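The following exercises practise reading a protein structure step by step. Each task is followed by a worked solution.

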Amino acid sequence: MATVEGLSQRAAASGSQPIGPLMHLALSRPALISLAAGFVDQACLPTELARKAHDAGSPTLILARDAEQAEAIDDALWSFDPDAYIPHQIVGQDEDEDEAPVLIASPETEAPGRTLIINLRDETVTLPCDRVLEVVQADESAREPQRQRWREYKTRGFELNKHDM
C-alpha cells in the first residue's frame with residue numbers, strides 16, 4: 001500500500017480516511033473538543049479539515065502558530081485540489097474577510113470566532129465557537145502543550161475526544 005503524504009504511519013497503515021469520521025463527529029456534537037494527534041505535514045491536515053468544514057457549510061477559523069504557517073496553509077488551500085476551490089483569506093489582508101468561509105489567523109492578528117475553530121497553537125481557544133479541533137504535531141515535543149490544553153479544556157467542562165491520525 002502506498003503511504004499517504006501528510007499522514008502518520010498508523011493512519012497510512014489503516015488504509016482509510018481518518019478525517020471523514022473526525023469531521024462528522026466534530027460537526028455533529030456541540031461542546032466537543034477533538035484532538036487530532038499524529039499528523040506530519042503542517043498544512044495537509046488543516047487544509048483537509050477546512051475543506052470538509054466548507055463542504056458542510058461550517059464557517060471556519062484556522063489559528064496558525066505563526067505568519068509562516070498561515071502562509072503555508074493559504075498556499076495549500078489554493079493548490080491542494082485542482083477541481084475544488086475553498087474561499088479563504090488570511091486575517092488582516094483584505095477588508096471583506098467576514099465573507100470568507102475559511103479564515104486563517106496568525107497570532108499577531110485579532111480574529112473573530114467562527115462555528116468551527118481549527119487550533120494549531122499551543123494555547124487553548126477562548127474565542128466564541130461551537131466546536132474546536134485541536135491539531136497536534138507528530139513529534140514528541142508537541143505532547144506536553146497538548147496535555148496542558150487537554151487539562152485546561154477538561155477543567156472548563158468540555159467533552160474531549162482524541163483521534164490518532
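**Exercise 1. Determine whether Arg 51 is buried or exposed, and state where Arg 51 lies and what it touches.**

Step 1. The model is predicted, and Arg 51 has a relative accessible area of 18%. A residue counts as buried under 20%, so Arg 51 is buried.

Step 2. Arg 51 belongs to helix α3.

Step 3. When residues up to four places away in sequence are not counted, Arg 51 touches Phe 80 and Ile 86.

**Exercise 2. Compare the span of helix α3 with the expected value, and list the buried residues of α3.**

Step 1. Helix α3 covers residues 44-55, which is twelve residues.

Step 2. At 1.5 Å a residue, α3 should span 16 Å. Its end C-alpha atoms are 17 Å apart, which agrees with the expectation.

Step 3. The buried residues of α3 are Leu 45, Pro 46, Thr 47, Glu 48, Leu 49, Ala 50, Arg 51 and Ala 53.

Step 4. Just after α3, the chain reaches Gly 57, which takes a positive phi of about 75°.

**Exercise 3. Describe the overall make-up of the protein chain.**

Step 1. The chain contains five helices and seven strands. Along the sequence they follow the pattern α-α-β-α-β-α-β-β-β-β-α-β.

Step 2. Of the 165 residues in the chain, 47% are buried.

Step 3. The accessible surface comes to about 8,400 Å², and carbon and sulfur atoms account for 49% of this surface.

Step 4. Among contacts with a separation of 6 or more, 63% are between residues 24 or more positions apart.

**Exercise 4. Explain why the buried residues of helix α4 line one face of the helix.**

Step 1. Helix α4 has 13 residues and reaches 19 Å from its first C-alpha to its last, close to the 18 Å expected at 1.5 Å a residue.

Step 2. In α4, the residues Gln 69, Ala 70, Ile 73, Asp 74, Ala 76 and Leu 77 are buried.

Step 3. Viewed down the axis of α4, these buried residues fall within an arc of 165°, so they line one face of the helix. A general rule helps here: an α-helix has 3.6 residues a turn, so residues three or four places apart point the same way.

Step 4. On the other side of α4, Glu 68, Trp 78 and Ser 79 are exposed.

Step 5. The buried residues of α4 pack against α3, β2, β3 and β4.

**Exercise 5. Work out how strands β2, β3, β4 and β5 pair, and which residues stand opposite each other.**

Step 1. Strand β2 (residues 60-63) pairs with β5 in the parallel sense over four bridges. Strand β2 also pairs with β4 in the parallel sense, over four bridges.

Step 2. On the β4 side, Thr 60 has Val 102 as its bridge partner, and Ile 62 stands opposite Ile 104. On the β5 side, Leu 61 has Ile 117 as its bridge partner, and Ile 62 stands opposite Ile 118.

Step 3. Strand β3 (residues 88-90) pairs with β4 in the parallel sense over three bridges. Here, Ile 90 has Ile 104 as its bridge partner.

Step 4. The side directions are then read for each strand. In β2, Thr 60 and Ile 62 point one way, Leu 61 and Leu 63 point the other way, and all are buried. In β4, Val 102 and Ile 104 point one way, Leu 103 and Ala 105 point the other way, and all are buried. In β5, Leu 116 and Ile 118 point one way, Ile 117 and Asn 119 point the other way, and all are buried.

**Exercise 6. Identify which residues have the most contacts inside the largest nonpolar core, and which elements contribute to this core.**

Step 1. The largest nonpolar core has 18 residues, and those with the most contacts inside it are Ile 62, Leu 77, Ile 104 and Ile 118.

Step 2. The elements that give two or more residues to this core are α3, α4, β4, β5 and β6. Helix α3 gives the most, with four residues.

Step 3. Leaving aside neighbours within four places in sequence, Leu 77 is in contact with Thr 47, Ala 50, Ile 86, His 88, Val 102 and Ile 104.

Step 4. A second, separate core has twelve residues, including Leu 63, Leu 103, Ala 105 and Ala 111.

Key:
Residues numbered from 1 in each chain as written. Predicted model: local features only at pLDDT ≥ 70, side-chain atom pairs only at ≥ 80, totals over all residues. Heavy atoms only, no water. Buried < 20%, exposed > 50% of the residue type's maximum accessible area, 1.4 Å probe, protein only. Pairing = 2+ DSSP bridges. Expected span 1.5 Å × (residues − 1). Contact = heavy atoms within 4.5 Å. Areas by Shrake-Rupley, 256 points an atom, 1.4 Å probe, with all protein chains shown as cover. Core = buried A, V, L, I, M, F, W, Y, C linked by side-chain atoms within 4.5 Å. Arc of directions from axis to C-beta.
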